[in-house]
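Got the model open in your viewer? Let's take a walk through it, one selection at a time.

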Amino acid sequence: MARVATPPLASPSVPRLRDIVELLKPITWFPPIWAFLCGVVSSGVPVASRVPFLIAGVLLVGPLVCGTSQAVNDWFDRHVDAINEPGRPIPSGRIGGRWGLWIAIVGTTLALGVAAVTGPWVFAATCVGLLFAWAYSAPPFRLKMSGVWGPSAVALTYEGLTWFTGASVMAGALPGWRILLILGLYSAGAFGIMTLNDFKAVAGDRAMGIRSLPATLGVGPAARIACVVMAVPQIAVVLLLWAWGHMLVAAVVAALLVGQCALMPRLLRDPVRQTPWYNATGTSLYVLGMLASAFGLGRVLGL
């Protein structure tokens, strides 16, 4: 394994707002906000009755928890980013000193404060999400070093916990067991999505000893595992929705799954080059299936 020195900490001048926003990676907020909205829909509670809690929930899963996780990851991975993404705010020196760490700590504190006034179940989910956010990147755990624990942690927090938060925010209580089961299945399937995301950093991961599945098994086997892991839980979702009387929704989710499977051969032919394409197509069908399932669970429009 090649040894790469940690980039020296640059001058600790106050970072610019645009650099802080870049550090928090707003583009990464969309997946958890989408899962949060799936939770909102699946609760079946009218949105108008819980607007302040809905706004608080969006802030939590987006800029506060997800944004904080990005700051934590960039701080503890500044040596890896010096290889993979040297233009990022910390390795480039635009956020110098220990500002990256302080931003992560402030974000964690704000998230806990907002969650505390939103409800006990939301607070519990936020605590778990933040725990994983730090454990994913920070020593001694560094879950991202594992090709199993790393994607599992991200899949749980990005999909499961945010769906749970959306349903809890609206219901003001623990979501029903059917919601918990479906969000659990979609979280399991999201392991495959997170594995595909590791393809973009294979060189840096190998250099730093990060044992992602693409770095250890090779991109071909990792891509095949990702496809299987994404598909199997959706089959279970289809069967459960059908058994619960949501025939139309089950048919929609099944059709979206067939679409994903039809796209997978192109992904498998060249996983590294085709992953961005598949994320824009197959993964989009996956998350549309999440929303369709939420419509069924919430009996929206009588589905």
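Start by selecting A294, which you'll find in helix α13. Keep in mind as you look around that this is a predicted model. Is A294 buried or exposed? Its relative accessibility is 0%, so it counts as buried. Now show what surrounds A294: apart from neighbours within four places in sequence, it is in contact with C38, V41, S42 and W163. If you want a ruler on screen, draw a line from the C-alpha of A294 to that of V232; the two are 18 Å apart in space and 62 residues apart in sequence.

**Into the core**

Stay with W163, one of the contacts of A294. W163 is also among the residues with the most contacts inside the largest nonpolar core, along with I182, Y186, V253, Y286 and M290. That core has 62 residues. Which helix gives the largest share of it? Colour helix α8, residues 177-197: ten residues of the core come from there.

Next, centre on I182. Leaving out neighbours within four places in sequence, its contacts are W163, V237, L240, W244, S293 and L297. There is also a second core, separate from the big one, with 13 residues; V40, L54, V61 and A111 are included in it. As a general point, nonpolar side chains tend to be buried together in soluble globular proteins.

**α11 against α13**

Go back to the helix that holds A294, which is α13, and add α11. Select residues 219-243 for α11 and 271-297 for α13. They pack at an angle of about 10°, with axes 12 Å apart, so α11 and α13 are roughly parallel to each other. To see the contact itself, show V219, G220, A223, M230, Q234, V237 and L241 on α11, and P271, V272, Y278, T283, Y286 and S293 on α13. Colour that contact by class and you get nine nonpolar residues, four polar and no charged.

**α2 against α3**

Now for another helix pair. Select α2 together with helix α3, residues 51-76. What angle do α2 and α3 pack at? About 155°, with their axes 9 Å apart. That angle is over 145 degrees, so α2 is roughly antiparallel to α3. The crossing of these two is right-handed. On the α2 side, the contact is made by P32, I33, F36 and V40; on the α3 side, by L54, G57, V58, V61, G62 and C66. Eight of the residues in this contact are nonpolar, two are polar and none is charged. You may recognise V40, L54 and V61, which are included in the second core.

Before moving on, step to K25, in the loop between α1 (17-24) and α2. Check its backbone: phi is near 50°, a positive value in a residue other than glycine. K25 has a relative accessible area of 19%, so it is buried, the cut-off being under 20%.

**α6 against α7**

Select residues 120-137 for helix α6 and 149-171 for helix α7. This pair packs at about 165°, with axes 10 Å apart, and is therefore roughly antiparallel. How is the crossing of α6 and α7 handed? It is left-handed. Show W121, V122, A125, V128, G129, F132 and Y136 on α6. Opposite, on α7, the contact includes G150, A153, V154, L156, T157, L161, F164, T165, S168 and V169. By class, this contact of α6 with α7 has twelve nonpolar residues, five polar and no charged.

The loop between α6 and α7 deserves a stop too. P140 is found there, and the peptide bond joining P139 and P140 is cis, with omega about 10°. R142 has its place in the loop as well. Like K25, R142 is not a glycine, yet its phi is positive, about 45°. Its relative accessibility is 14%, so R142 counts as buried.

**Last stop: P91**

Finish in the loop between α4 (78-84) and α5 (99-116), where P91 lies. Setting aside neighbours within four places in sequence, P91 is in contact with R78, D81, A82, E85 and P86. For a final distance, go from P91 to F76: they are 15 residues apart in sequence, and 11 Å apart in space from C-alpha to C-alpha.

Definitions and conventions:
Residues numbered from 1 in each chain as written. Predicted model: local features only at pLDDT ≥ 70, side-chain atom pairs only at ≥ 80, totals over all residues. Heavy atoms only, no water. Core = buried A, V, L, I, M, F, W, Y, C linked by side-chain atoms within 4.5 Å. Buried < 20%, exposed > 50% of the residue type's maximum accessible area, 1.4 Å probe, protein only. Helix = DSSP H or I, 4+ residues; strand = E, 2+ residues; numbered from the N terminus. Contact = heavy atoms within 4.5 Å. Axes fitted to C-alpha atoms, helices over the stretch in contact; angles between N-to-C directions. Parallel < 35°, antiparallel > 145°, perpendicular 65-115°, else oblique. Left-handed = near helix turned anticlockwise from the far one by under 90°. Nonpolar A, V, L, I, M, F, W, Y, C, P; charged D, E, K, R; others polar.
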